[in-house]
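The following explanation accompanies the structure shown below. It considers the nonpolar interior, a helix pair and one residue of the N-terminal region in turn.

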Amino acid sequence: MGAVAALDLFSLNSHIGEEEAMVRDTARQFVERRIKPEIADWYERAETPVRELALELGELGVLGMHLEGYGCAGASATAYGLVCTELEAGDSGIRSLVSVQGSLAMFAIWRWGSDEHKQEWLPRMARGEAIGCFGLTEPDCGSDPAAMRTNARRDGDDWVLNGSKMWITNAPVADVAVVWAQTEEHGKGRGIRGFVVPTNTPGFSAPAIHKKMSLRASSTGELVMDNVRLPASAMLPEAVGLRGPLECLNEARFGISFGALGAARDCLEATIEYAGQRQVFGRSLASFQLTQTKLADMTLELGKGMLLALHLGALKDRHELRPEQISLGKLNSVRESIAIARECRTVLGAAGITLEFPVMRHANNLESVLTYEGTSEVHQLMIGQALTGTSAFR
Ligand code: FAD
């Protein structure tokens with residue numbers, strides 16, 4: 001009897017439109033041709049040709065693909081999600097590059113920026129000629145961004161930024177940073193505002209963070225701002241308070257609901273192939289009941305996760321998706337994908353710890369994905385708040 005690919009068991013195509021399937025397949029071919037042959041080496045050396053890839057991803061049309069106008073494709077949320085799955089089947093670092101560019105940096109400018117901001121940055125960012133980053137997290141505050149210390153002070157018509165951001169994806173290679181800072185504006189929660197900062201502004205630097213054991217194919221850095229002087233027009237006019245960055249995070253979290261499952265799918269596919277070839281006790285590893293139990297359980301979680309992600313995609317395309325529903329997707333997809341990656345590792349035995357197979361790389365990457373864009377605990381608290389009407393954050 002012939003084998004069926006794990007996700008084919010779920011006949012997911014009935015949830016995916018023709019155009020969405022086409023975009024997904026194009027992204028899959030790109031990952032097979034451009035990412036998979038190189039990724040182990042980029043990961044091992046922690047050196048990825050980000051600039052080159054950004055241009056290629058721009059040509060593919062996936063940077064800010066779910067945004068309308070300014071050279072963006074205006075694709076459906078579901079199409080964007082499916083592309084995230086394919087990119088993360090290559091590597092979470094590559095999907096992170098695209099998420100941060102499209103869902104954080106470009107989205108912030110598209111949603112909250114002035115027309116000049118949009119004209120200046122979005123077309124170049126969509127083409128991958130300009131790379132963006134998004135600075136919210138600081139050395140002393142991640143899950144609680146309201147506690148940020150980076151501040152912007154008025155000096156005449158100008159703004160002067162001081163402070164530092166930590167763990168910022170794309171920072172060392174970025175041309176533009178969207179930076180969130182406290183201002184002295186009055187009114188509850190209105191103090192946090194966003195700024196569009198060209199990275200060549202005097203006083204701005206973005207040193208790389210080294211020695212990561214996760215997301216090694218992604219460029220991560222700090223943002224250091226020492227009296228960075230910006231014109232009044234640098235402020236995102238429409239983003240007032242924490243709602244500004246949080247709406248951006250929701251966009252990226254939605255993409256991760258799809259993306260993380262790509263990493264899990266790649267692990268599972270590699271594992272099924274390995275188990276079919278590996279001989280133990282005189283038979284193929286795949287022919288043992290214990291192995292098949294693992295494969296069946298992992299396939300079930302992967303398919304359930306994909307069905308939830310596609311449901312969230314359909315809700316988003318109808319403009320009905322609520323933040324706590326995004327939390328359901330992000331929490332489930334990353335948590336189950338890590339569990340799948342670790343279980344796959346057991347099937348591969350010692351071979352599973354090497355870069356010859358994608359499993360350990362994905363498992364390590366998913367540790368970052370579990371933490372960024374809201375940790376699992378943060379999403380549990382958001383779901384808990386929706387269920388009980390009581391916030392347990394503080
Ligand atoms: P903390 O907030 O200190 O949390 C530590 C632990 O405490 C976690 O387990 C957390 O869940 C738990 N915790 C926190 N609050 C509560 C609570 N109320 N109740 C119970 N438990 C709680 N940030 C950006 O702004 N831009 C980026 O581009 C970016 N890229 C990143 C890339 C990588 C590779 C990584 C690792 C991180 C990135 N981040 C980025 C930062 C990321 O968003 C933060 O690390 C994340 O928000 C968690 O913050 P923290 O690390 O300070 O942990």
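**Cores, a helix pair and Leu12**

Of the 95 residues in the largest nonpolar core, those touching the most other members are Leu57, Phe134 and Trp180. Such a core is a set of buried Ala, Val, Leu, Ile, Met, Phe, Trp, Tyr and Cys residues joined through side-chain atoms within 4.5 Å, where buried means under 20% relative accessible area (1.4 Å probe, protein chains only). Helix α7 (residues 243-277) gives the most to this core, 14 residues. A second, separate core comprises 19 residues, among them Trp159 and Leu223.

The model is predicted: local features need pLDDT of at least 70 and side-chain atom pairs pLDDT 80 or more, whereas totals for chains, interfaces and linings use all residues. Residues are numbered from 1 along each chain as its sequence is written, and side-chain values use heavy atoms, without hydrogens or water.

Helices here are DSSP runs (H or I, at least four residues), numbered from the N terminus. The axes of α1 (residues 18-35) and α3 (residues 50-60), lines fitted to C-alpha atoms over the stretch in contact, come within 11 Å and cross at roughly 155°. The two helices are therefore roughly antiparallel, a term for angles over 145 degrees. On the α1 side, Thr26, Ala27, Phe30, Arg34 and Ile35 meet Glu52, Leu53, Glu56, Leu57 and Leu60 of α3, contact being heavy atoms within 4.5 Å.

Leu12 lies in the segment before α1. Because its relative accessibility is 9%, Leu12 counts as buried. Beyond neighbours within four places in sequence, Leu12 contacts Leu7, Met306, Leu307 and Leu310.

How values were computed: Axes fitted to C-alpha atoms, helices over the stretch in contact; angles between N-to-C directions. Parallel < 35°, antiparallel > 145°, perpendicular 65-115°, else oblique. Buried < 20%, exposed > 50% of the residue type's maximum accessible area, 1.4 Å probe, protein only.
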